[in-house]
Amino acid sequence: PRRSTKKMDQGIASSLSPLLEGTSGAIFAGGAGVAAMGMALTFARSSSRTVVGMLKRQLTTTLEVTSKDAAYPWVLHWLKTSGNRPLRHVSVATLEEAAGSFELVPSPGRHLSYFKGTPLLVDRAREYGTVNASSGTPWERVTLTTFAQPGKTRFFYELLETAKAECEAARRDDETLVMTCWGTEWRQFGQPRRKRPLESVALAEGIADSVVADVRDWIDSAEWYRKRGVPYRRGYLLHGPPGSGKTSFVLAIAAHFDLDVCLLSLSEESLTDDRLALALANAPPASVVLLEDVDAAFVSRRKNNREERDRAMRQSASSLTLSGLLNALDGAAAAEGRILFMTTNYVDRLDDALLRPGRVDVVKFLDHADKHQAASLFRQFYGDSLEAASHKFARAAVRRADDVGRPPSMAELQAFLIEHKHDPDAAVRHAADVADIARARKPTTTTRSDDENDENDDPAVAPVRSRGRRVLSALEVDKLPWNPQPGWEDLLTDPGGSSSSSSSSSATSSSSSSSRR
């Protein structure tokens, strides 16, 4: 029985052997085929990508516009208004929160548009990992792709020119753009302002006409300057008492010539010589640069009292020097093709080097209001039909203001007329009350503090001036890249003083600030 069982097992094994060998061969062959097919598919896919990439490079042309470039808002405006195809995927951009004004712009992703009958594939990408440190906005780019044909480079030139023209036409109908300097880059500050008519600024006879004529002549004389090698730039200085309309006149000039206004404060703490030079060099071409209250930024070399000059220099918070300003205005690296306006309430505090031609070419004095200005302002409020009433108001307002030792300013006259904006008869009857407004704003005589008297006791020792707390302007708060916590000012020490001189006060401030946080 054992022999029969062994023979049976051998027979079964011998009969199944061919079958098992055939199965393993089939499985191996099938696996090899699948692997070969996968390799073929991988090669085909890689080859197809290469072929598609080559065809795309040869048959299409692209234009990339980043959010850093000035053309970026032009392209977005063109896409939302003149793309010749309604947008299906949009994002909201609020213009004026108080008024509830907003607009819809293309959202990140791909869109189809047309320009002069040519299809455009628009790809708007947003990178949240990369943000602008000054504004906190993410980095964006728009890529326009179309079929490659001879002359397509000119096609993109025409598209950008059209987008720029449409964007500026939509904004410049009744708005003036105000820009401020973020580092060395000019950015829009707030919402665009309504254009101020030149006639709304009542100045003494001949002043507005002469400045407008000079600006017009400068704009039309670019070729004349180039041929003679004369630097193509123009500087204006408006000086006069507060409230005489200096800044308003600059805004009206900018609106009259369809120019933007680039506002720059020379007393800003972070402003240095290099940053000022770069800011003026990078100013937009169709703009007016406005430097307000230039007398507050420097100490004039006219001062004969060295102690007074040194004390004023210690109190100055700006890092800008007079030499840096002079070089930025008229130095070897000074920019051309710009109009610069400076304003000051105290022209006698300015250095002679700042007032020389080439830096300041035109100087105009804007004084307190006279009868002509008062009558002109009255007619602006109530219409030209009240000619006789305007002269009566002007005589009464200017005459009674003599009681306070000076005529009223234009700001004071405007404040008075606003109180009677719907009743011209009441404005004429109470014109003598303008003197009360001027008297309320008349500066009073102040005495020096005990600290100033102590400072003069020993002029050889320069006291350390602590910055302490101060109120930040809206512009300074808007530029902060972080959210300041209460008491952060106490942690700062005077940049010109010695930290060891105020170590105890700094320690106290730090402990109190930490407890508050």
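User: In this predicted model, is Arg379 buried or exposed?
Analyst: The relative accessibility of Arg379 is 18%. The cut-off for a buried residue is under 20%. Arg379 falls below that limit, so it counts as buried.

User: Which residue meets the side chain of Arg379 in a salt bridge?
Analyst: Look for the acidic side of the pair. The N to O distance is 3.6 Å, and the cut-off is within 4 Å. The partner of Arg379 is Glu387.

User: Is Glu387 buried, partly exposed or exposed?
Analyst: Glu387 has a relative accessibility of 36%. Values between 20% and 50% form the middle class. Therefore Glu387 counts as partly exposed.

User: Which residues are joined into one network by salt bridges that share partners?
Analyst: Here the salt bridges do not stand alone, as they share partners. The network joins Lys116, Arg154 and Glu158.

User: How many salt bridges does the structure hold?
Analyst: Side chains of opposite charge can pair when their charged atoms come close. In this structure, the number of such salt bridges is 11.

User: How many residues apart are Asp258 and Lys195?
Analyst: These two residues form a salt bridge, with their closest N and O atoms 2.3 Å apart. The pair links distant parts of the chain. Asp258 is in the loop between α6 and β12, and Lys195 is in the loop between β10 (193-194) and α4 (207-219). Along the chain, their separation is 63 residues.

User: What is the phi of Asp258 near?
Analyst: Most residues other than glycine have a negative phi. Asp258 is not a glycine, yet its phi is positive. Asp258 is also partly exposed, with a relative accessible area of 39%. Its phi is near 55°.

User: Where is Asp293 found?
Analyst: Asp293 has a positive phi of about 50°, although it is not a glycine. Asp293 is partly exposed, at 38% relative accessible area. Its place in the chain is the loop between β13 (287-291) and α8 (306-315).

User: Which helix holds both Glu223 and Arg226?
Analyst: The side chains of Glu223 and Arg226 meet in a salt bridge, at 2.3 Å from N to O. Glu223 and Arg226 are three residues apart in one helix, so about one helical turn separates them. That helix spans residues 222-228 and is α5.

User: What is the relative accessible area of Arg226?
Analyst: Its partner Glu223 is partly exposed, at 39%. Arg226 counts as exposed, because its value is over 50%. That value is 57%.

Terms used. Residues are numbered from 1 along each chain as its sequence is written. This is a predicted model: local features need pLDDT of at least 70, side-chain atom pairs count only at pLDDT 80 or more; totals for chains, interfaces and linings use all residues. Side-chain values use heavy atoms; hydrogens and water are left out. Buried means under 20% relative accessible area, exposed over 50%, partly exposed in between (1.4 Å probe, protein chains only). Helices (H or I, at least four residues) and strands (E, at least two) are DSSP runs, numbered from the N terminus.
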